[in-house]
Structure formats: C-alpha cells, structure tokens
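Visitor: I have a model on screen and some questions about its charged pairs and strands. Can you walk me through them?

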Amino acid sequence: MIATKAYAAKAASAPLAPFQLERQDVGPNDIQIEIQYCGVCHSDIHQVRDEWGGSKFPMVPGHEIVGKIIKVGDAVTKFKVGETAGIGCFVDSCRHCPSCLAGEEQYCDFGMVGTYNSRYKDGTPTYGGYSDQIVVDENYALHISDKLPLEGVAPLLCAGITTYSPLMTWKIGKGHKIAVVGLGGLGHMAVKFGVALGAEVTVLSTSASKKEDALKLGAHHFVVTKNEDEVKEVANTFDFILNTISAQHEYDFYLQMLKLDGTMVLVGIPPEAPQVSAFNLIGKRRRLAGSMIGGIKETQEMLDYCAENGIVSDVEVINIDYINEAYERMLKNDVRYRFVIDMSSLK
C-alpha cells in the first residue's frame, strides 16, 4: 500500500482536516500520479455535507485532478513516467454494458465508480484529489497538454466536460442562439465553449453586477432575470438553454424563453424536485433534458479542443488549509469562478 497525505471530512458536520490514507499499490494496468492541482467543485460541498444522501465517511473529495505520472504498471501502454495526466469524476465502470462499450462510461448501467465517495469493485472506498497522489487504471486517465496552465486545466475535468458535453450532443454551433443560466463555475465555461463554437450567447442572471464579467468572457448579450422588460424581450428566442443552477428555481420561467423545438438542458441539481407545466412544453414542442459529464473519449476530445483553442477555467488558487473558508465563499458565490488547490501546500 502507498501512504498518502490528504484532507478529509470525518462526518457531515465536520470541517475538512488533515488525514492519512493508503492507496492501492500500482497494478499492471495502473498509473500513479503525483497530484499538482485539484479543482473544488460545488458537488464536493454537497457530498461532504451529505446533502444528496449516501455519503461515506471519512471522505476525501476532489475530482478535478491534474499531476505528473511518477510510476506506471508493467502493462501500461498509453502513458509514460513524467507525462502530465488528469483524472475526472470517475475511476472505473463495469466496462461491458452498452453505455461503457459506447464510450459513455458516465452512464454505466451498473453505476460508474466515482473518484471519491464511491467503492471499487472489491468494496474498498475511493478517495479523491484533495491528496498528494492517486493510483488509477490507465483507461480512466486523460492526457493533459503542456500548452495550458495546469491550474486552469484542472476544473475542465468536471466543469469543462459538464458544459462541453451537452453542447456537443445538441450540436451547438454557428447560427444558434443559446442562453446560459447562471454565471458560476459551470456557467462561465459554458459561455467560453458556446462562443468558441460560434453560437450567439446570452447570459441569464439574477445579478446585474455580473454583466461586465459575462461580456469579458465573450457573451454577446446579458439579461437580468429580475427585470421584467428584459425577460419579455427574450421570450420565444433561444434554440438552446444550458441551465447550470443548483439552487431551487422555476424551470417554467426559463422554458418560456425557448423558441419552437427549443431545448433546455439541466446540468445543475436543485435539492428538491421541480414542477414543470406541461403546457409550457406542449405549446412550442419544447424539450427539457438533462446531461451529466462526458465519457473518457469525449473528455479527452474536450481537453484537446481546449489546448488548441486556449480555453481554461478562470481560477483562484488556494492552499489546502484554506479549503473550509473556500467552501463558505462558494456558498456566497464569492469566487471567480473556480477554486483550485495547489497540492504542493499539503507537503
């Protein structure tokens, strides 16, 4: 076993604190990564505080991981020692169901094995990237280009692929009018991707103070959703809406902004099941859909696209001992737009 330093929550009511764990030894198909940066996702807070239920403690969060490979197994063919690799939201899946065979491991019929708060097939718990190293099967690791700053790349492993995947699935590009609901860790990536793909992008936000940021990110328009006149102007307007909001809100409010055959895709997860008016869907043949992350193939495609187009997340780099304060700031939307932990601060 490999002794590993980490930060963990020992209970839903406990702050994160230093923790020692043991990683599995490097097997024939495994790579060992010395973690350099780990992004902080809002889902880390949900799971650490058991807001979704089923949390397993002690919990080491973190699924936006980048670092250097320091050891490879004898049968590894895709990676070499010294290369930079990434780990996203899952580290294994069944590998034989239709979803896995199609390269959509995130939708594994038997459930993907999450990078943390999950269990490997032998029943041992998974621990995430708030740690100094990780061991993973090479088939669930990703190649990271040296063209981009690693701290900005880390959030691409979740926030990036969560927004890239639905844009690809619905083939968004030139000629499309799209809207992004919310300008946070997910929303700012959706804006960057939408603009890069050639779509006309509008940001929908309750906060007028975010207009300047939205326009700097490349958005073409900004609508303050508390302004009735501005909302009326975008009724029946958009081909596609990417809804990134995790707080409780009314889906019907945004559905009425879709034109005929428009689609709103959910990537945020509110704490309670929402109500939706059937008339809002039927009246314009609108669609309400959901999307998660991407599979390994699509995530690699996204990382390569970012490297070629100079796309990274806007981040604030922190030391690991600041993580509890960072969580509180995230809950107040006081970050532009993603915290990333410099894991050298753990040593």
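Visitor: How many salt bridges does the structure hold?
Guide: This is a predicted model, where local features need pLDDT of at least 70, side-chain atom pairs count only at pLDDT 80 or more, and totals for chains, interfaces and linings use all residues. Residues are numbered from 1 along each chain as its sequence is written, and side-chain values use heavy atoms, with hydrogens and water left out. A salt bridge here is a side-chain nitrogen of Lys or Arg within 4 Å of a carboxyl oxygen of Asp or Glu. The number of salt bridges in the structure is 15.

Visitor: How many residues apart in sequence are the parts that E328 and R49 tie together?
Guide: E328 and R49 form a salt bridge, with the closest N and O atoms 2.7 Å apart. E328 lies in helix 11 (residues 323–331), and R49 in the loop between helix 1 (42–48) and strand 4 (65–72). Helices (H or I, at least four residues) and strands (E, at least two) are DSSP runs, numbered from the N terminus. So the pair ties together parts separated in sequence by 279 residues.

Visitor: Is R49 buried, partly exposed or exposed?
Guide: Buried means under 20% relative accessible area, exposed over 50%, and partly exposed in between (1.4 Å probe, protein chains only). The relative accessibility of R49 is 29%. R49 therefore counts as partly exposed.

Visitor: Which residue meets E64 in a salt bridge?
Guide: The N to O distance in this pair is 2.6 Å. E64 is buried, and so is its partner. The salt-bridge partner of E64 is R338.

Visitor: Where does R329, the partner of E316, lie?
Guide: E316 and R329 form a salt bridge, their closest N and O atoms being 2.9 Å apart. E316 lies in strand 16 (residues 315–318), so the pair ties together parts 13 residues apart in sequence. R329 lies in helix 11.

Visitor: Which residues are linked with D92 in a network of salt bridges?
Guide: This network goes beyond a single pair, since D92 is linked with three named residues. They are R95, K121 and D137.

Visitor: Which residue of strand 12 is the bridge partner of T202?
Guide: Strand 11 (residues 200–205) and strand 12 (residues 221–224) run parallel, joined by 4 bridges. Two strands pair if DSSP finds at least two bridges between them. The bridge partner of T202 in strand 12 is H221.
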